[in-house]
Amino acid sequence: TGSVGSISSKDLLKAPIVKIGAGLQGKISGVNIQQTTGAPGQKMKIRIRGGSSINYGNEPLYVIDGFIGADISTINPNDIATINFLKDASATAVYGSRGANGVVLITTVAPKEGPLKVTFDTNIAMSSMVNQYDILPIDEMAELMNEQQASLDKPAFFSPADIAGFRSRGGTDWVDLITRQGYRQNYSLNLTGGSQKLKYFFSANHLNDEGVIKNSFYRRTSIRSN
């Protein structure tokens, strides 16, 4: 007996995703999944029944098709068949101390007998800042600094002519200089088929994720065959 949570590719891919963690959020009881930052390609924080250590890591052990210690951020979500979470003593019973934080068992899609089947998926998404910073205009900022100086009985930083010049020329929106409209392009191609003697599966994926901060991006190209 043991506590095991399971999810299939059908439930994982209900919405277009580029990271496995994004498709798992809120679907497995006892598993907390968070996105720590908004950076493109940022790994999801996965905790099975909370953290258990202060000095050591709390990441679960990932096992993909029997291979231990894999990096799930590099996997194309369309290659996933099932994901199982071992959440209690059954994890350490099989994997020892390595499974102390729980174990995530990932099974990828296997080739199936039949005629050639080709699947192509693509999705494009846009991203932008949720809340724009309300920046003080440069002339009002100069007046505020002069008021601060006056409260300290010190001479003003800026003359009325300086403030008038600021008001006529305008200032620089520094937030606008470093941000942009982000976008994400994701393309996936799967081929499967074969006879009773030889079955094959091939997949290719290309992800281009441009963040809202200029020069922030994440690009991933993966190819898999079975």
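User: Where in the chain is the place of D153?

Analyst: In this predicted model, D153 has a phi near 60°, which is a positive value in a residue other than glycine. D153 is also exposed, with a relative accessible area of 74%. As for its place in the chain, D153 lies in the loop between helix 4 and helix 5.

User: Which residue found in the loop between strand 10 and strand 11 has a positive phi although it is not a glycine?

Analyst: The residue in question is exposed, its relative accessible area being 71%, and its phi is about 70°. It is found in the loop between strand 10 and strand 11, and its name is N215.

User: Which residues of helix 5 are buried, and on how wide an arc around the axis do they lie?

Analyst: Helix 5 spans residues 160–169, and its buried residues are I163, G165 and F166. They are on the same side of helix 5, because the arc they cover around the axis is only 160°.

User: Which exposed residues does helix 5 carry on the face turned away from its buried side?

Analyst: The buried side of helix 5 is made up of I163, G165 and F166, and what covers these residues includes helix 4, residues 138–151. On the face turned away from that buried side, the exposed residues are P160, A161 and S168.

User: Which residue follows helix 5, and what is its phi?

Analyst: Helix 5 runs over residues 160–169, and the residue that follows this helix is G170. The phi of G170 is positive, with a value near 80°.

User: Is N146 buried or exposed, and which residues does it touch?

Analyst: N146 is found in helix 4, and helix 4 is part of what covers the buried residues of helix 5. With a relative accessible area of 14%, N146 falls under the 20% limit and is therefore buried. Leaving aside residues up to four places away in sequence, N146 touches A156, F157, F158 and I163.

User: Which strands stand at the edges of the open sheet of four strands?

Analyst: The order of strands in this open sheet is 8-9-10-11, and the pairing is antiparallel. Two of its strands have a single partner strand each, so one side of each is left without a neighbour in the sheet. Neighbouring strands of the sheet are turned by 5° against each other on average, direction ignored. The edge strands are strand 8 (114–127) and strand 11 (217–225).

User: Over how many bridges do strand 10 and strand 11 pair, and what is the bridge partner of S203?

Analyst: Strand 10, residues 199–210, pairs with strand 11 in the antiparallel sense, and this pairing runs over nine bridges. For S203, the bridge partner lies in strand 11 and is R224.

User: What is the radius of gyration of the protein chain, and what does the globule rule give for 226 residues?

Analyst: The secondary structure of the protein chain comes to six helices and 11 strands. The chain is more spread out than a compact globule, because its radius of gyration is well over the value from the globule rule. The C-alpha atoms fill a box of roughly 85 × 45 × 25 Å along the principal axes. The radius of gyration is 26 Å, and the globule rule gives 17 Å.

User: What percentage of the 226 residues of the protein chain count as buried?

Analyst: The protein chain exposes about 14,100 Å², of which carbon and sulfur atoms supply 55%. Among contacts between residues at least 6 apart in sequence, 61% join residues at least 24 apart. Of the 226 residues, the share that counts as buried is 34%.

Conventions: Residues are numbered from 1 along each chain as its sequence is written. This is a predicted model: local features need pLDDT of at least 70, side-chain atom pairs count only at pLDDT 80 or more; totals for chains, interfaces and linings use all residues. Side-chain values use heavy atoms; hydrogens and water are left out. Buried means under 20% relative accessible area, exposed over 50%, partly exposed in between (1.4 Å probe, protein chains only). The arc is that of the directions from the helix axis to the C-beta atoms. Contact means heavy atoms within 4.5 Å. Two strands pair if DSSP finds at least two bridges between them. Axes are lines fitted to C-alpha atoms, for helices over the stretch in contact, and angles run from 0 to 180 degrees between N-to-C directions. The radius of gyration is taken over C-alpha atoms; the globule rule is 2.2 Å times the number of residues to the power 0.38. Accessible areas come from the Shrake-Rupley method with a 1.4 Å probe; for residues, only the protein chains shown count as cover.
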